[in-house]
Amino acid sequence: MYQIVEGWLWTSGRVFVNEDGNEVLLRGLGVANWLNPEGFLFGGAPFGGVMGRYARSGEFDRGRTMDLFITELCGASYQKKFWEQWVERYFAEDDIRAIKEQGFNSVRLPLDARLILNEEPGYHFNEEHLQMLDHYIDLCEKYRLYVIIDLHAACAGQSAVSCDNGVDNQPHLFFDEEGAERTIRLWEKLASRWAERWIIAGYDILNEPIALPMFDYLLPELKKFYDRAVSAIRAVDRRHILFIQGNRFAGRLDIFDHDYDPICHNWAITMHCYETFPDLALFGPILAKSEECNVPVWMGECGGSDPSHPEVGNAWMTAFFEMLMEYHISYNIWCTKALEGVDAAYTFSFQKPNQEMWQQIVDYCGKGGVKPGYAKAIAVFDELLENIRFENCTEQRDRVAAMLRRPGIAVPASAYDADMEHRGSWPYALFCGYRREDRMHLIYEPGYVPNDLGGLAAMNPHPVKYGDWPHIWLQLDEGDAASYSIREVEKPVSVRLLACGEANAKIRVSSEGSILYEGCVPEGVKPEPLDVGTTAVGERVTIRLEALCGSVTLKEIAFLR
């Protein structure tokens with residue numbers, strides 16, 4: 001389903017299929033910060049810079065301002081050399097090989113339009129950069145990784161935040177005709193160049209267009225642009241999948257009211273999602289729209305992270321990505337590589353250069369602080385170029401295991417499988433609203449004071465990324481049951497519950513038709529480790545928990561390496 005990468009991909013109804021007609025679920029990584037650098041991914045500036053009002057790009061937060069500051073700090077000749085080495089070192093053959101070895105089957109390559117179509121009168125395409133992209137596409141084909149071409153920074157800017165590398169945080173693509181026309185001409189060039197490349201799964205036409213609610217009035221222009229762009233692409237390429245994103249950071253479905261690819265009907269709804277409840281309240285509207293349009297869904301950006309509590313981000317990913325798989329939604333995680341400790345779900349991390357000098361550079365760029373001399377600045381950027389080399393980066397193995405739901409993870413008990421039978425007898429809905437449709441008995445851990453919702457949200461006592469979610473446990477009352485899956489099990493895996501219950505409370509644990517454990521759980525209100533046996537092997541292995549007597553409280557299910 002997701003290991004084999006060979007031959008063209010298509011959409012067939014609501015799934016992606018290969019040339020043999022077999023379903024393919026894409027599990028991939030976005031190569032963030034490479035051709036479209038973002039300051040927050042290497043400690044240069046906060047995400048988004050100034051959001052919500054007109055402001056000329058100024059901080060060290062996006063490619064075009066980085067050009068200016070590196071030139072100021074290090075000189076024009078160094079700036080050109082720096083970006084050549086950045087591109088070569090940030091995403092090299094070793095990185096591509098590692099992505100494949102980790103178990104992913106695709107990559108999303110974010111592009112900046114100005115690297116391909118020169119920002120000057122006329123249409124002058126940069127052949128050197130196009131050949132560079134050909135080289136990386138060849139490498140992805142060598143290692144059998146499907147490629148999704150992502151126009152992250154379109155001509156003139158489409159998002160109104162720093163990730164589109166615009167000049168002033170305005171979505172000029174939708175009210176400057178020249179920007180729209182140049183973007184369409186760019187897509188014509190790319191589609192005609194790569195029309196016969198099967199390793200390219202498709203084209204992600206615009207990243208996060210009209211990201212902020214204040215620009216929702218431009219939605220009619222967004223739909224018109226997609227119709228024009230699709231028509232232009234289909235004039236030269238009728239084989240690749242087209243990925244279409246909605247507004248508000250690709251989190252809304254408002255624009256999906258017609259067939260965007262009437263010629264080929266080979267397109268997918270593309271959503272982005274970070275750190276919301278992984279339950280049917282999120283997925284239900286997406287799945288309904290997928291059914292209405294009869295197209296697949298691709299979660300083109302997603303990821304869970306919490307720099308202060310990395311185990312919480314990992315737990316969220318074990319829940320979220322498994323539900324995507326169960327609902328046949330392919331996904332792409334943001335991102336492959338980033339600075340150690342930043343708020344992103346990277347799989348490899350690099351270290352910040354000389355802390356004191358780096359902070360002086362950031363302060364100069366963002367606050368007008370003291371400017372370091374040329375020699376000092378060059379030394380700092382040279383160190384950064386060394387740190388980003390693959391051999392100097394650190395793999396986040398626990399995080400990768402969580403992303404792919406592999407052995408070595410602890411699954412929150414509240415993250416039971418959505419597509420397996422679960423049986424609950426709780427007649428009420430949980431106040432926080434999580435998985436309320438299932439009637440499972442979800443409880444807060446003892447002593448935890450939950451947040452308020454609605455009008456009192458600003459007064460929440462726990463203003464953290466995941467709110468109450470990490471503190472929700474599952475109580476199986478007598479007769480209740482839940483299932484948990486682990487994927488890519490190559491050898492038997494030990495299963496350990498964190499469980500407790502009433503006196504004489506009993507549980508049955510079974511897997512693939514065999515009973516692993518049947519007996520009591522530790523008595524009390526504090527969950528304790530309970531080893532219940534080992535799993536079988538297989539692409540997907542499921543264990544089932546049933547409360548036989550009394551009430552059993554579960555915090556997590558660990559699948560040990």
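**Aromatic pairs, core and strands in a predicted model**

The count of aromatic pairs comes to 38, where rings of Phe, Tyr and Trp (its six-membered ring) pair if their centres lie within 6.5 Å, and planes under 30 degrees apart count as stacked, over 60 as edge-to-face and the rest as tilted. F60 and F381 form one of the edge-to-face pairs, at 6.3 Å centre to centre and with 70 degrees between the planes. This pair links distant parts of the chain: F60 sits in the loop between β3 and α1 (63-74), F381 belongs to helix α12 (residues 374-387), and 321 residues separate them. Helices (H or I, at least four residues) and strands (E, at least two) are DSSP runs, numbered from the N terminus. The structure is a predicted model, in which local features need pLDDT of at least 70 and side-chain atom pairs count only at pLDDT 80 or more, while totals for chains, interfaces and linings use all residues. Residues are numbered from 1 along each chain as its sequence is written, and side-chain values use heavy atoms, with hydrogens and water left out.

Buried here means under 20% relative accessible area, exposed over 50%, and partly exposed in between (1.4 Å probe, protein chains only). By that rule F60 is buried at 1%, and F381 is buried at 0%. Ring pairs join both residues to a cluster that also includes F69, Y78, F82, W83, W86, Y90, F350, W358 and Y364. Contact means heavy atoms within 4.5 Å; leaving aside neighbours within four places in sequence, F381 is in contact with F60, I70, L73, C74, Y78, F82, W358 and I361.

F381 is also among the residues with the most contacts inside the largest nonpolar core, together with I205, Y484 and L497; this core has 189 residues. Such a core is a set of buried Ala, Val, Leu, Ile, Met, Phe, Trp, Tyr and Cys residues joined through side-chain atoms within 4.5 Å. Its largest share, 10 residues, comes from helix α10 (residues 310-326).

Strand β17 (residues 481-489) is mostly covered, with 9 of its 9 residues buried. Two strands pair if DSSP finds at least two bridges between them, and β17 pairs with strand β22 (residues 538-549) in the antiparallel sense over 8 bridges. Within this pairing, I486 has V541 of β22 as its bridge partner.

β17 also helps to cover helix α13 (residues 397-404), as do β3 (27-30), α3 (93-102), α10, β10 (330-333) and β14 (409-412). In α13, 6 of the 8 residues are buried, namely R399, V400, A401, A402, M403 and L404. R405 follows the helix, with a positive phi near 55 degrees.

What surrounds N165, in the loop between β5 (146-153) and α6 (177-193)? N165 touches N36, R62, G63, R64, D112, R114 and A153, not counting residues up to four places away in sequence. A polar atom of its side chain lies 3.2 Å from the backbone nitrogen of G63. N165 counts as buried because its relative accessibility is 2%.

Finally, a search of the whole structure finds 0 disulfides, a disulfide being a pair of cysteine sulfur atoms within 2.5 Å. For C293, the nearest cysteine sulfur, that of C264, is 17 Å away. C500 is in a comparable position to describe: its sulfur is 13 Å from the closest cysteine sulfur, in C520, and so too far for a bond. C293 is buried at 13% relative accessible area, and C500 is buried at 1%.

How values were computed: A polar contact is a pair of N or O atoms within 3.5 Å; within protein, one must be able to donate a hydrogen and the other to accept it, and residues adjacent in sequence count only if both atoms are side-chain atoms.
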